[in-house]
Amino acid sequence: MAAAQMTAAASSSVFLPSFEGLKPSTIKVSSASFRMGGGLTLRSTRGLVVKAATTVAPKYTTLKPLGDRVLIKIKAAEEKSAGGILLPSTAQTKPQGGEVVAVGEGRTVGQNKVDISVKTGTPVVYSKYAGTEVEFNGTNHLLLKEDDIVGILETDDVKDLKPLNDRVLIKVTEAELTTAGGLLLTQASKEKPSIGTVIAVGPGPLDEEGKRKELTVSPGNTVLYSKYAGNDFKGSDGSEYIALRASDVMAVLS
């Protein structure tokens, strides 16, 4: 039976339910109270430390994904900016890439068995909020469904991304620098564009028989896409890219 403990002090620790083989995640909060006029008390929370990953006990030496799930060893977050400035932990970009270290047996679609499309050792990019973080053998991993993998990236430049399934990689059109009246726009007032050029497309989604359906957009198409869809990336040359599902592409422009 799961057991939960809670202790309170100046710096409080909350222990989440502990199951055999899994160590509890810990959340530590340092707080201070300030009393305002009229009896209003404001509580300032500082030093918040969240360890969200599930930690697998050392006695377990293998982790085998089931079904269409994939285990990815997470790439370490960047500790310095492009200009060499050391970044504090709060400013470090959460990584969205890693290396496949184990895969499940696949899934059945219709009457056909469909294998996982990525192999062990493949460097991949995945959706930002996908999967479950697992600390295994002292290293952070992500356990997610194959469909949450955006594409394969074998270089350090996102323009080389090879989308998987129904994903599309688009190079975003640069935002307008001036208004229709010729006024120069500030960075904050520039409207986020939702138009771009298709750079690469995936092989398409699976139909009910487990066969691939070709996408309706092709590299070179200029497209209009849903404004808040997909995952944003910045290329090595500073260009903006977005990887999204083909269903989020609304129209082809010509």
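Here are some numbered notes on this structure, for someone meeting it for the first time.

1. Start with how far to trust it. This is a predicted model, and the protein chain averages a pLDDT of 77, with 65% of the residues scoring at least 70. Two stretches deserve caution. Over residues 1-34 the pLDDT stays under 50, although the model still has 75 contacts there beyond four places in sequence. Residues 40-51 also stay under 50, with 35 contacts of that kind. I'd read the placement of both stretches with care.

2. Next, the overall make-up. The protein chain has 21 strands and zero helices. Of its 254 residues, 31% are buried. Among contacts with a separation of 6 or more, 57% are between residues 24 or more positions apart. The chain exposes about 16,100 Å², and carbon and sulfur atoms supply 54% of that area.

3. Now the inside. Which residues touch the most other members of the largest nonpolar core? They are Val70, Ile72, Val100, Val118, Val124, Leu144 and Ile149, out of 15 residues in that core. Strands S7 (69-74), S8 (97-103), S11 (123-126), S13 and S14 each supply at least two residues. S7 gives the most, with three. There is also a second, separate core of 13 residues, which includes Val168, Ile242, Leu244 and Ala246.

4. Val70 is a good residue to click on if you want to see the largest core from within. Val70 is one of the residues there that touch the most other members. Leaving aside neighbours within four places in sequence, Val70 is in contact with a long list of residues, including Val100, Val118, Leu144 and Ile149. Pro65, Ala102, Ile116 and Glu146 are also among the contacts of Val70.

5. For strand pairing, follow S14 (149-152). S11 and S14 run antiparallel and are joined by three bridges. Within that pairing, Tyr126 has Ile149 in S14 as its bridge partner. S14 is also joined to S15, again antiparallel, by two bridges. There, Gly151 stands opposite Pro163 in S15. Ile149 therefore turns up in two of these notes, as a bridge partner and as a core residue, being buried under the 20% cut-off that core members must meet.

6. Asp147 sits in the loop between S13 (139-145) and S14. Is Asp147 buried, partly exposed or exposed? With 33% relative accessibility, Asp147 counts as partly exposed, since that value falls between the 20% and 50% cut-offs. The side chains of Asp147 and Arg245 are joined by a polar contact of 2.7 Å. Not counting residues up to four places away, Asp147 touches Asn165, Arg167 and Arg245. As for Ile116, which is 31 residues away along the chain, its C-alpha atom is 9.7 Å from that of Asp147.

7. Asn165 and Asp166 make a useful pair to look at next. Asn165 is in the loop between S15 and S16, and Asp166 lies in the loop between S15 (162-163) and S16 (167-172). Asn165 has a positive phi of about 55° although it is not a glycine. Asn165 counts as buried because its relative accessibility is 10%. Asp166 is buried as well, with a relative accessible area of 13%. Beyond four places in sequence, Asp166 is in contact with Gly204, Pro205, Leu215, Leu244, Arg245 and Ala246. Two of those names will be familiar: Leu244 and Ala246 are in the second core.

8. Asn137 has a positive phi too, near 55°, in a residue other than glycine. Asn137 is found in the loop between S12 (132-136) and S13. What is its accessibility? Asn137 counts as exposed because its relative accessibility is 56%, whereas Asn165 counts as buried.

9. Last stop: Asn231, in strand S19 (residues 231-234). Asn231 counts as buried because its relative accessibility is 11%. A polar contact of 3.3 Å joins the side chains of Asn231 and Gln96. Leaving aside neighbours within four places in sequence, Asn231 is in contact with Gln96, Ser127, Lys128, Val150, Tyr241, Ile242 and Ala243. Of these, Ile242 is also named in the second core.

Key: Residues are numbered from 1 along each chain as its sequence is written. This is a predicted model: local features need pLDDT of at least 70, side-chain atom pairs count only at pLDDT 80 or more; totals for chains, interfaces and linings use all residues. Side-chain values use heavy atoms; hydrogens and water are left out. pLDDT is the predictor's confidence in each residue, from 0 to 100. Contact means heavy atoms within 4.5 Å. Helices (H or I, at least four residues) and strands (E, at least two) are DSSP runs, numbered from the N terminus. Buried means under 20% relative accessible area, exposed over 50%, partly exposed in between (1.4 Å probe, protein chains only). A polar contact is a pair of N or O atoms within 3.5 Å; within protein, one must be able to donate a hydrogen and the other to accept it, and residues adjacent in sequence count only if both atoms are side-chain atoms. A nonpolar core is a set of buried Ala, Val, Leu, Ile, Met, Phe, Trp, Tyr and Cys residues joined through side-chain atoms within 4.5 Å. Two strands pair if DSSP finds at least two bridges between them. Accessible areas come from the Shrake-Rupley method with a 1.4 Å probe; for residues, only the protein chains shown count as cover.
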